There are 2 protein chains.
Amino acid sequence: MRKQSSTNLENEMLINGNCDMAYTLDLIGGRWKPSILWRLAYGALRYSDLRRSLPAVSERILILQLREMEADGLISRKVYPEVPPRVEYQLTEVGRSLEPVINVLTAWGSENRPGSERKTPRCPLLTII
Amino acid sequence: MRKQSSTNLENEMLINGNCDMAYTLDLIGGRWKPSILWRLAYGALRYSDLRRSLPAVSERILILQLREMEADGLISRKVYPEVPPRVEYQLTEVGRSLEPVINVLTAWGSENRPGSERKTPRCPLLTII
DNA sequence: CGCATAACTTACATTTATGTTAGTACTTGA
DNA sequence: TCAAGTACTAACATAAATGTAAGTTATGCG
């Protein structure tokens, strides 16, 4: 289940419904969403590849994050009626329009994150695949 | 208390310790942090003014968010040894360097948030003070 | 004295996010 | 027949974020 009514929910709706910055943060702020965005930036990936590239995330959580991003219009899910099943995820036009957002967040992190290499800012976990 | 050890914490450290984008999101991603950043962008504010400008946040949560931002180096806390006490919060140099980040997040939200006015993107809750 | 203000803190309670484990349906290949 | 691959779902469990209500310390004011 999800939530129905609470101060917590009311505050979230108040903020996300009025603040552009908070709204954007809400869409990309999940634990694994940056990693997913970085991976899909290079093109479509099927579920099994995405999962293999993220050994630390459990299947349930990965699916949850993908579903949320799909509901928010950032990615699309394409099912191929084959056997074995094939499902490909890719960025939508809206998802691709996040590129400058990702770049600025990454640039700031590169300048300020303790231990950042400061060069070729990226999401190094990517090297896993 | 805080957390000591868990898969959750390990994943958080793994990601924030390696992904510049995730690190940045972690610093500004709290529920009330965008609102606080918007307010302090106009200059220093004392605690009571900050609180009055955010009627929906409880004192405990406001303090928590301020403490985290202070620990992360985004804001500074200046105590004036007066009676009644006076404590002023303001952006640090690092906090001010978030301006382009805020602008890009706001611009994207302005373009994509349902119901966004699309003009003069900002955090309208500001009008409360 | 009693109340008000400032900037909190404490103890407690709830909601939400994240994680674990096992199981599903279908088919191909050994 | 038995394991393996695919893309999940369900039931359960824990961790973290957020919220509520009251209390604290110190002083000035009427």
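In helix H5 of chain B, the buried residues (buried meaning under 20% relative accessible area, exposed over 50% and partly exposed in between, with a 1.4 Å probe and protein chains only) are Leu62(B), Gln65(B), Leu66(B) and Met69(B). Seen down the axis of H5(B), these buried residues fall within an arc of 100°, so they line one face of the helix; the arc is that of the directions from the helix axis to the C-beta atoms. An α-helix has 3.6 residues a turn, so residues three or four places apart point the same way.

The model is predicted, with local features requiring pLDDT of at least 70 and side-chain atom pairs pLDDT 80 or more, while totals for chains, interfaces and linings use all residues. Residues are numbered from 1 along each chain as its sequence is written, chains are lettered from A and ligands numbered from 1 in the order in which they are written, and side-chain values use heavy atoms, leaving out hydrogens and water.

The face of H5(B) turned away from the buried side carries the exposed residues Arg60(B) and Ala71(B). Contact means heavy atoms within 4.5 Å, and the buried residues of H5(B) pack against helix H3 (33-40), helix H4 (47-52), strand E2 (75-80) and strand E3 (86-91) of chain B. Helices (H or I, at least four residues) and strands (E, at least two) are DSSP runs, numbered from the N terminus.

The table sets out helix H5 in each chain, where the expected span is 1.5 Å times one less than the number of residues.

| Helix | Residues | Expected span | Distance between end C-alpha atoms |
|---|---|---|---|
| H5(A) | 59-71 | 18 Å | 18 Å |
| H5(B) | 59-71 | 18 Å | 18 Å |

In chain A, the buried residues of H5(A) are Leu62(A), Gln65(A), Leu66(A) and Met69(A), and Arg60(A) and Ala71(A) are exposed on the other side of the helix. H5(A) is followed by Gly73(A), whose phi is positive, near 80°. Lys33(A), which lies in helix H3 (residues 33-40) of chain A, counts as buried at 2% relative accessibility; its contacts, not counting residues up to four places away in sequence, include Gln65(A), Glu68(A) and Met69(A).

Between the chains, helix H7 (residues 99-112) of chain A and helix H2 (residues 20-28) of chain B pack at an angle of about 90°, with their axes 7 Å apart. H7(A) is therefore roughly perpendicular to H2(B), a term that covers angles of 65 to 115 degrees, whereas those under 35 count as roughly parallel, over 145 as roughly antiparallel and the rest as oblique.

Terms used
Axes are lines fitted to C-alpha atoms, for helices over the stretch in contact, and angles run from 0 to 180 degrees between N-to-C directions.
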